[in-house]
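Visitor: Before we start, please show me the sequence and the model.
Guide: Here they are; ask about any label that needs a reason.

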Amino acid sequence: MKIDLITLFPEMCEAVLGESIIGRAQKSEAIEIKCHQLRDYAFDKHRRVDDTVYGGGMGMLLKCEPIALCYEAICEQRGTKPYFIYMSPQAKPLTQDKLKELSEKENICVLAGHYEGVDQRIIDEFIDEEVSIGDYVLTGGELPALVFIDALSRLAPGVLSNDECFTEESHYNGLLEYPQYTKPQSFRGLEVPPVLYSGDHRKVDRWRYEHSLINTAKKRPDMLENRELSDDEKRIIQEALD
């Protein structure tokens, strides 16, 4: 997977993406991430990439030309047109299913907006899809872009040590993850459920699945609204909620 990020703060983004799992994945070449300074594609000596909004109003808007030139340069460097994503609070909130869908794409370019956003002509003519990390507004698109790239990158082959690292996590299979425990076995009178150290893997798997259902029913019942539950699953949930 190859990801290009267009941003006003490449150093900030590189610092975050260069650490931990994503940083190691880049070194092993499981993924490739490049950050591009939007100001490098500005025309004037002040490297301005924003201007006032037609019709009046507060704030500034990112201009068309620098974004278009930067994206076209990336297309030339990659030898293809990456799927172009704009981080926007106007989009539907990101889900794990959407991440799985986008992880199938080999080349992705992400635009981190700033100020009051970007000129609509860029969205109309260049952007393939808008993505949001939630129904709220931040001071810039860098943090949403970093969240998106982190979540997307970990689905790429070779980034995590084993597919189970993400296939058993919350949201991947439509349920929240089951509770997890580590040593010590007893902590201030609170005990680890005996089944988890019983050595019976079938019982452990069953316990985990049941508690994924229970966890989801308690914390995110909306996730179960369109899920077809068996009578046994309904019983497990009902007994836990009673």
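**Labels and their grounds**

Guide: Proline 184 is found in the loop between α7 (164–167) and β8 (186–187). The helices and strands named here are DSSP runs, of H or I with at least four residues for a helix and of E with at least two for a strand, numbered from the N terminus. The model is predicted: local features need pLDDT of at least 70, side-chain atom pairs count only at pLDDT 80 or more, and totals for chains, interfaces and linings use all residues. Residues are numbered from 1 along each chain as its sequence is written, and side-chain values use heavy atoms, with hydrogens and water left out.

Visitor: What makes the peptide bond from lysine 183 to proline 184 stand out, cis or trans?
Guide: That bond is cis, with omega near 10 degrees.

Visitor: Why is the protein called more spread out than a compact globule?
Guide: The globule rule is 2.2 Å times the number of residues to the power 0.38, and the radius of gyration is taken over C-alpha atoms. For 242 residues the rule gives 18 Å, whereas the radius of gyration is 22 Å, well over that, so the protein is more spread out than a compact globule. Along the principal axes, the C-alpha atoms fill a box of roughly 70 × 40 × 35 Å. The secondary structure comes to nine helices and nine strands.

Visitor: Why is methionine 87 called buried?
Guide: Buried means under 20% relative accessible area, exposed over 50%, and partly exposed in between, with a 1.4 Å probe and protein chains only. Methionine 87 has 5% relative accessibility, so it counts as buried. This residue lies in strand β5. Of the 242 residues of the protein, 41% count as buried.

Visitor: Which residues is methionine 87 in contact with, leaving aside neighbours within four places in sequence?
Guide: Contact means heavy atoms within 4.5 Å. The partners of methionine 87 include Val110, Leu111, Val131, Ile133 and Phe148. Glycine 113 is 26 residues away from methionine 87 in sequence, and the two are 6.6 Å apart in space, C-alpha to C-alpha.

Visitor: How do you know that glutamate 29 is exposed and arginine 47 partly exposed?
Guide: Glutamate 29 has a relative accessible area of 69%, so it is exposed. Arginine 47, at 36%, is therefore partly exposed. Glutamate 29 lies in the loop between α2 (20–27) and β2 (32–37), and arginine 47 in the loop between β2 and β3 (50–52). Neither is a glycine, yet phi is positive in glutamate 29, at about 70 degrees, and in arginine 47, at about 55 degrees.

Visitor: What makes strand β1 (residues 2–7) largely enclosed?
Guide: Five of its six residues are buried, so β1 is largely enclosed by the rest of the structure. Strand β5 (residues 83–87) is mostly covered, with four of its five residues buried.

Visitor: How do you know that β1 pairs with β2 and with β6?
Guide: Two strands pair if DSSP finds at least two bridges between them. Six bridges join β1 to β2, and these strands run parallel. Five bridges join β1 to β6, also parallel. Aspartate 4 stands opposite lysine 34 in β2, while the bridge partner of isoleucine 3 in β6 is isoleucine 108.

Visitor: Which strand is joined to β5?
Guide: Strand β6 (residues 107–112) is joined to β5 by five bridges, and the two run parallel. Isoleucine 108 in β6 is the bridge partner of tyrosine 83.
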